[in-house]
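Student: Let me test some labels against their values. Walk me through the reasoning, please.

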Amino acid sequence: MDQNHTSSRLRILLRHLDGCLARPTISHPASRPGSPATFHPQQFQYTWENNVLSLEQRKFYEENGFLVIKNLVSDADTQRFRNEFQRICRKEVKPLGLLVMRDVTIAKSEYVPSEKVVSKVQDFQEDEELFRYCTLPEILKYVECFTGPNIMAIHTMLINKPPDSGKKTSRHPLHQDLHYFPFRPSNSIVCAWTAMEHIDRNDGCLAVLPGTRKGPLKPHDYPQWEGGVNIMFHGIQDYDKNNARVHLVMEKGDTVFFHPLLIHGSGRNKSQGFRKTISCHFADANCHYIDLKGTNQENVGKEMEEVFCKIYGLKNASLQDVWTFRGCVVKGERINLRNSPSLKLLSRKSRWNKMSEENLFSMR
């Protein structure tokens with residue numbers, strides 16, 4: 001890549017991160033009169049034609065694989081999500097199927113119910129208050145730009161990144177989210193990731209490698225870190241170290257939307273506070289399952305099945321069971337990602353053999 005192109009791209013990135021391109025208001029149609037003739041709407045592969053994204057925003061996502069929308073989620077909503085998270089940590093509520101995780105460095109003997117030992121809650125699709133995030137009109141308005149009108153929420157998380165213990169386990173290795181997903185096409189999947197407070201490099205903000213969504217899905221595995229690795233924190237084993245990282249400094253309510261092939265991760269939390277974000281992966285309901293056998297996703301698929309069975313006391317379960325359980329329609333209708341027969345085992349009336357925080361995420 002020549003120096004002039006690199007400089008030009010960096011200027012565009014800096015403008016975007018300063019908020020010049022990322023406005024939370026509904027923009028003019030991309031096909032408006034006066035659009036640059038050098039970039040026609042039919043050239044876009046990763047966004048749908050509508051009146052939400054400006055032409056510049058569509059071009060930015062097309063080139064880089066992510067888009068930051070400033071001040072998208074209200075302070076009132078982020079506070080409600082924070083309050084519900086604290087209730088979960090205190091065990092005042094126990095939503096069906098919720099996974100409560102803690103950092104690998106926290107010993108079982110140190111466990112007491114509080115937000116200081118919970119690093120993440122995952123699969124909150126049965127928690128009415130947290131799941132509101134996945135149905136917020138301001139979120140879905142942008143999600144539809146990437147997935148189309150039939151939208152499923154497929155993976156939910158609230159991350160409470162703890163202050164690093166000194167063993168650097170609060171890091172999240174560089175990875176591609178598609179590594180975990182047994183469905184395609186990848187261009188119909190997007191993550192919405194919202195800051196619940198000011199986030200910068202000191203507390204381990206998101207770091208992205210712009211443009212990497214144009215590459216293939218790379219092999220992932222657990223990194224060989226001396227201090228230990230949290231369960232399912234897989235990382236890319238080889239990547240171009242010349243790719244410049246962009247650290248996304250965000251304010252409360254800012255939301256980044258990114259492609260599942262975008263390489264991203266986060267550094268350790270060097271602050272004394274807990275860095276909170278809430279996120280959901282969305283997919284077009286027309287997506288279809290793929291067979292992972294013989295692919296570089298085969299091992300993670302087996303690991304997910306094993307963890308799912310251990311959590312819920314099942315003898316066996318398929319990946320389709322895992323993702324059907326997690327998936328919920330939030331707009332339009334469910335089409336291809338439908339229930340599988342064995343999911344009858346997981347009816348809402350069943351007794352759940354859910355693992356507790358004490359024995360779940362010290363598995364590594």
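Tutor: Start just after α5. Gly148 has a positive phi there, about 90°. Bear in mind that the model is predicted.

Student: Which residues of helix α5 are buried?

Tutor: In α5 (residues 137–147), the buried ones are Ile139, Leu140, Tyr142, Val143, Cys145, Phe146 and Thr147. Two of the names return in a cluster: Tyr142 and Phe146 join Tyr61 and Phe257 in one aromatic cluster.

Student: What about residues other than glycine: what is the phi of Asp123?

Tutor: Near 60°, a positive value in a residue that is not glycine. Asp123 belongs to the loop between β3 and α4.

Student: How do you know whether Asp123 is buried or exposed?

Tutor: Its relative accessibility is 3%. The cut-off for buried is under 20%. Therefore Asp123 counts as buried.

Student: And what makes Lys91 stand out?

Tutor: Lys91 also shows a positive phi, about 65°, without being a glycine. Its loop runs between α3 and β2 (99–101).

Student: Why does Lys91 get its accessibility label?

Tutor: The value is 32%. Partly exposed covers what lies between under 20% and over 50%. So Lys91 counts as partly exposed.

Student: Where is Ser165, and how is its accessibility classed?

Tutor: Ser165 lies in the loop between β4 and β5 (172–175). At 48% relative accessibility, the label is partly exposed, because exposed would need over 50%. In space, Ser165 is 9.5 Å from Arg268, C-alpha to C-alpha, with their positions 103 residues apart in sequence.

Student: Why is strand β4 called largely enclosed?

Tutor: Count its buried residues. In β4 (residues 151–161), 11 of the 11 are buried, so the rest of the structure largely encloses the strand.

Student: How do you know that β4 and β14 pair?

Tutor: Pairing takes at least two bridges. β4 and β14 (residues 275–284) have 10, in the antiparallel sense. One of the positions is Ile159, whose bridge partner in β14 is Thr277.

Student: How many bridges join β4 to β3 and to β16?

Tutor: Three link β3 (residues 120–122) to β4, and three join β4 to β16 (residues 328–331). Each of these pairings therefore meets the cut-off of at least two. The sense is antiparallel for β3 with β4, and also for β4 with β16. Val121 stands opposite Leu158 of β4. Ala153 stands opposite Cys328 of β16.

Student: Why is Cys328 in no disulfide?

Tutor: The structure holds zero disulfides. For Cys328, the nearest cysteine sulfur belongs to Cys134, 8.1 Å away. A disulfide needs the sulfur atoms within 2.5 Å, so this pair does not qualify. Cys328 is buried, at 19% relative accessible area. Cys309 is buried too, at 12%.

Student: Why is the pair of Phe81 and Tyr133 called by its geometry label?

Tutor: A pair of aromatic rings is described by the distance of the centres and the angle of the planes. The structure holds 12 aromatic pairs. For Phe81 and Tyr133, the centres are 6.0 Å apart and the planes stand at 85°. Rings pair within 6.5 Å, and planes over 60 degrees apart count as edge-to-face. So this pair is edge-to-face. It links distant parts of the chain: Phe81 sits in helix α3 (residues 75–89), Tyr133 in helix α4 (residues 128–135), 52 residues apart. Phe81 is buried, at 0% relative accessible area. Tyr133 is buried, at 0%.

Student: What label fits Phe308 and Tyr312?

Tutor: Edge-to-face, with 5.0 Å between centres and 70° between planes. Both residues belong to helix α6 (residues 298–312); they are four residues apart, so about one helical turn separates them. Phe308 and Tyr312 are both buried.

Student: What makes Arg326 and Trp323 notable?

Tutor: The charged end of Arg326 sits over the ring of Trp323, 4.6 Å from the ring centre. The distance cut-off for that label is 6 Å.

Student: Which peptide bond is described as cis?

Tutor: The one from Arg184 to Pro185, with omega near 5°. Pro185 is in the loop between β6 (183–184) and β7 (189–195).

Student: How do you know where confidence is weak? What is the mean pLDDT?

Tutor: The mean is 81, and 75% of the residues reach 70 or more. Residues 19–39 have pLDDT below 50, with 55 contacts in the model beyond near neighbours in sequence. Residues 341–345 are also below 50, with seven such contacts.

Note on methods:
Residues numbered from 1 in each chain as written. Predicted model: local features only at pLDDT ≥ 70, side-chain atom pairs only at ≥ 80, totals over all residues. Heavy atoms only, no water. Phe/Tyr/Trp six-rings, centres within 6.5 Å; stacked < 30°, edge-to-face > 60°. Buried < 20%, exposed > 50% of the residue type's maximum accessible area, 1.4 Å probe, protein only. Lys NZ or Arg CZ within 6 Å of the ring centre and 35° of its normal. pLDDT = per-residue confidence, 0-100. Contact = heavy atoms within 4.5 Å.
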